[in-house]
Every structure is written in structure tokens, then in C-alpha cells.
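Open the model in your viewer and keep the selection panel handy. We will go from stop to stop, choosing one piece at a time.

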There are 2 protein chains.
Amino acid sequence: MTRIDLSLAAPSCSACPIRHRAICATCEDDELLRLERMKTYRSWRVGQTIVMEGDVLPFVGSIVSGCATLTRSMEDGRTQMVGLLLPSDFVGRHDRDRAAYQIVAATDVTFCLFRRAEFQQLVRDTPHVMERLLKMSLDELDAAREWMMVLGRKTAREKVASLLVNILRRTATDVHPIRAELPLTREAMAIYLGLTIETVSRQMTALRRDGLIGLEGRRGILCADLAALQAEAEIDAAP
Amino acid sequence: MTRIDLSLAAPSCSACPIRHRAICATCEDDELLRLERMKTYRSWRVGQTIVMEGDVLPFVGSIVSGCATLTRSMEDGRTQMVGLLLPSDFVGRHDRDRAAYQIVAATDVTFCLFRRAEFQQLVRDTPHVMERLLKMSLDELDAAREWMMVLGRKTAREKVASLLVNILRRTATDVHPIRAELPLTREAMAIYLGLTIETVSRQMTALRRDGLIGLEGRRGILCADLAALQAEAEIDAAP
DNA sequence: CGCTGTATTGATGTCTTTCAATGTGCGTGG
DNA sequence: CCACGCACATTGAAAGACATCAATACAGCG
């Protein structure tokens, strides 16, 4: 694995792929200019540790492309994923400089980083940026609570189906059958779901055997009937 | 169980027991006056359902006294607690009018409710109130993630010990041995921990047998050595 | 084409749940 | 004030789900 961090000249915000979904979605041109002046793009290779628990962090930022994981570990090595970062997600607290979680690149990944002190000032000067940050935080809180239901009450089969439905909904093509590339290894899936690798693997096999999904190599998943998979996940059909 | 809802004349904010910890902690006198005009106190008896999932809610608010639980349920009845509300905690989204969770009174409980539309306007007019709301939301998100670790990776014994440590830290007297009153039944503990009532009961018995806690009636817990209990909970000794 | 890390599959063990019975604290009404 | 009834809690035995340990298969890459 190449261990070189790539620092890139940050492209203009107006050309950014997450311009209309990230923290900057509601910014006007003058605020974008201010963001341009405090931002840096930076990339990591799959597998690299981006941040360790307890690190002092001079940055907050948005994930531009790829996938990263937020995890916590216990002293004996047991590890739980507490967040899955996909493009446009925001990372870090504007009001804290220590990382509460480890961040690892699940695929090659690029972040748009803002110097924390300057970003904090922007947040305080610009109510609609603060409101955007608040809305994104509340959405993350809802997602975390949804995941507490999965971790606390669902069976292994339901857990795996839930994760697959989530990924298919966010990243699948809409030709039939729908198809997505898993951004996670079996190990990362296990860490997300509070299971072991072996149990994840067995449940993937079982779902395939039952005709609910198809597998293409290690990462590709196909699904001809998302509603059926959703039923396996016991996802409440709330609107 | 008495099913009468009590509506109380709301006392002045300056005399409020949560004045310096709740959403209003950073408010100046003029903002407090504005809050006074939009607020109502309301109380519920232990066991009453305060809000059902999907209800339209004209209010957001703070819990003033007592304890309430935030839960989600699946169609087959499996239920998971996703939040435990103690005095000063904030409930509801200023930008949404539908409840995502059921709220139930775990003890007799009193809320300070704000009409949502007016509160939303206050948030937008008053950056430091919005920042306070943001900080509280981010703290809740951290707490939810901490709990994901408990749900996903800890053993039944560690789960029960974790909950007891949390409650002791927040509510215990500091005479020796420290003592707290559990605001939760065994059932509520089980729903919080992703366990069954029986398993919670067995672990409570085991912790008592091992000399880590004492039990006084159904709700009282004693602890002579919090560090030892914390070790059972495998709580990482982060500062 | 073989090597290395990842994934699958199988056999066994352990922990939590489930089902069932018993025990206990507390409020109500006699 | 005590006894009764009920909800809550505890305890036990058996079943089931997931983890663990171990072997094998497969994919991607030098």
C-alpha cells in the first residue's frame, strides 16, 4: 500500500461535485470565496488511518469522494463503527480540537478540509451556515439512532440486509437489476454491524442462496427486488 | 395510573431549576422574556405516552424534572430505546413537525414547551441560541455513538455496568457509599441495552453477588467503588 | 503462476434468549 | 393496619443464535 498523502490544489468550489449537498450548499458567492481561502484538498489511500482517537485536529471538513469510516475501539481490541462517511458528509466539531473517533479510509478518499479556527469564525458570522451545520448534525443524530435499533434489536440476517439496503439506496444504478459496489470489506461490514466477519459472510451467502441478492466478485451486489430485501431487513415502511 | 395531564402556570425562567444548563443557558434577559411568552409547562404521570411516532408536534421543549425515554419500535414489537431524557435535555427538531420517536414518561415528568414556529424564529434571529442548540445536538450525537459501542460490542454484564455507571455519575449523592435511584424499570433498562428483562435481572444479581453494587428495594443502587464498576463496564479511561 | 490477504465454509462452544415458575414490593380497600 | 392482588422482579432449565477455532477457497497482484 502506498503511504504517500496527496495534497492537491483545491479546485474552485463552483466546480465541486458536492457543491450542492455539503455544508456549503447554502453559501452565496462571497461566502464561497471565503471558504476557498481556508480550504485544502487532501487524499488518502485505501486502508490509511486518517485520524487517531485523541489526535489534535486543526481541521474540519467534508468528504468529496470515496468512503471513510468513523470507529471507536476498546482496550482489548473490540471495535465498533459509529459512522460511515460518504461524499458530502461533514467531519469534525467546529468547537473541539480533539478527535473522538478514529477515521480510516475505506476506499481511496479525498477530503475538503477547512482550518478549524477560521471555519468556526465563519460559522459564527454566518447564521445560514450554522443552520446548515445544525440540520446536518440533526440528520446524523437521526441516522445514529436508526442504527441503534439495528445494533440493539435486529438479527444477523436483518443487520446485513439493512446495510445492503442502505448502500443500494444511496449508490445503486437504476437499471434492472440494480447494482452497487460495496465500499466496505467483510471486516468493515462486521465492524459496522456488531458481528464477526464469519457471520457476515454466512448471511451474505444465505441471502444469495435465497435469491434476494446476487454477488459479483467480492464487492459487487445485485438486487432484482429491493422491496423483498427491505422486508428481510424489517425496515419499518415509514414514509 | 391517573391519566390526567397537568398544565401548570409556567414559573419565571429566572427561577427555573434548569436555567443554566438547558437551551436557554446562554440567553440574556430580553431573550428570556421572549421565551417566557412562547412557553408552557406541562406534566405527565409515570407510564404515560407523551408522543407517538409520527405525531404532528406543535412543540419543542426542555425536560425540567423527571425522566422520559425516546424509543423506536418494529412492527413485531421489538423495541429499542434511542435516548434517555433527563432534566435540561432538549426534545424535538425546530425544523420538523413530525415526531420520529415515541416519548414515554419513565417517572412523573415536567416539560417546558415552546411553540415550534415561534421557537424556530427565535433560533434564526439569535445566533448564540442556535449555537447552543448546535452544541447540545453534537453532544447528543457523541452520546449516541458512545451507546452504539455499548449495543454493538459489549457483553450483557458490561452493558448493565455501563448503564449503572452513567446513572451513578449523573445522579448519585457523594456520601460514601454513593447512592442513586434508578429512574428506569428492569424493562426500560432492557430496552435501553438491547437485552431481555431476565438477562438484566441476572446481571444485576451477579454484580451484587460480586460485591460491585448494592441493591436497596427495586430502584436504589449503592456503589462503594465506582472505579471497580467502571472497570466492569470496560469504559475507556479517556479524560 | 504462485503468493498474500480476503472470503467462505464447517465443527464446536458460549452466551443470551425463551419459556416457565416462583418470589417480592407496594398500593388499595376492607 | 393488615391482607390481598397485581405488577414487577428473580431464578431455573432448555433452546437457539452468534462467536470462536480451524481448514479451505478464491481473487488480485507482483
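Which residues in H4(B) meet which residues in H6(B)? Select both helices in this predicted model and look at the contact. On the side of H4(B) you will find B:Ala156, B:Arg157, B:Val160 and B:Ala161. Facing them from H6(B) are B:Thr199, B:Val200, B:Gln203, B:Met204, B:Ala206 and B:Leu207. Colour these residues by type and they divide into seven nonpolar, two polar and one charged.

Now step back to the two helices as rods. Helix H4 of chain B covers residues 156-171, and helix H6 of chain B covers residues 197-209. Their axes lie 9 Å apart and make an angle of about 75°. Because angles of 65 to 115 degrees count as roughly perpendicular, H4(B) is described as roughly perpendicular to H6(B).

Next, select H5(B), residues 186-193. Six of its eight residues are buried, so H5(B) is largely enclosed by the rest of the structure. The buried ones are B:Ala188, B:Met189, B:Ala190, B:Ile191, B:Tyr192 and B:Leu193. Show what covers them, and you will see, among others, strand S5 (68-73), S6, H4 and H6 of chain B. Just after H5(B) comes B:Gly194, which has a positive phi, near 70°.

Bring DNA strand D into view. There are 18 residues around this strand, and A:Thr199, B:Thr185, B:Arg186, B:Ser201 and B:Thr205 come nearest. H6(B) gives the largest share of the surface near DNA strand D, six residues. Helix H6 (197-209) of chain A and helix H5 (186-193) of chain B, along with H6 of chain B, each supply at least two residues there. By type, that surface divides into four nonpolar, seven polar and seven charged residues.

Then select the contact between the two protein chains. Chain A and chain B each bring 32 residues to the contact. On the chain B side, the elements giving two or more residues are strand S6 (79-85) and helix H3 (127-153). H3(B) provides the largest share of that side, with 19 residues. The residues on the chain B side divide into 14 nonpolar, four polar and 14 charged.

For the last stop, select residues 23-140 of chain A. UniProt, in an unreviewed entry, lists this span as "domain: Cyclic nucleotide-binding". Its end C-alpha atoms lie 13 Å apart, and the span is 29% helix and 36% strand.

Note on methods: Residues are numbered from 1 along each chain as its sequence is written. Chains are lettered from A and ligands numbered from 1 in the order in which they are written. This is a predicted model: local features need pLDDT of at least 70, side-chain atom pairs count only at pLDDT 80 or more; totals for chains, interfaces and linings use all residues. Axes are lines fitted to C-alpha atoms, for helices over the stretch in contact, and angles run from 0 to 180 degrees between N-to-C directions. Helices (H or I, at least four residues) and strands (E, at least two) are DSSP runs, numbered from the N terminus. Angles under 35 degrees count as roughly parallel, over 145 as roughly antiparallel, 65 to 115 as roughly perpendicular and the rest as oblique. Two residues are in contact if their C-beta atoms, placed from the backbone, lie within 7 Å. Ala, Val, Leu, Ile, Met, Phe, Trp, Tyr, Cys and Pro count as nonpolar, Asp, Glu, Lys and Arg as charged, and the others, Gly among them, as polar. UniProt positions are given in the numbering used here, feature names are shortened, and annotations may be inferred rather than shown by experiment. A residue is near a molecule or strand if its C-beta atom, placed from the backbone, lies within 6 Å of it. A residue is buried if 20 or more other C-beta atoms lie within 10 Å of its own, exposed if 12 or fewer, and partly exposed in between; C-beta atoms are placed from the backbone.
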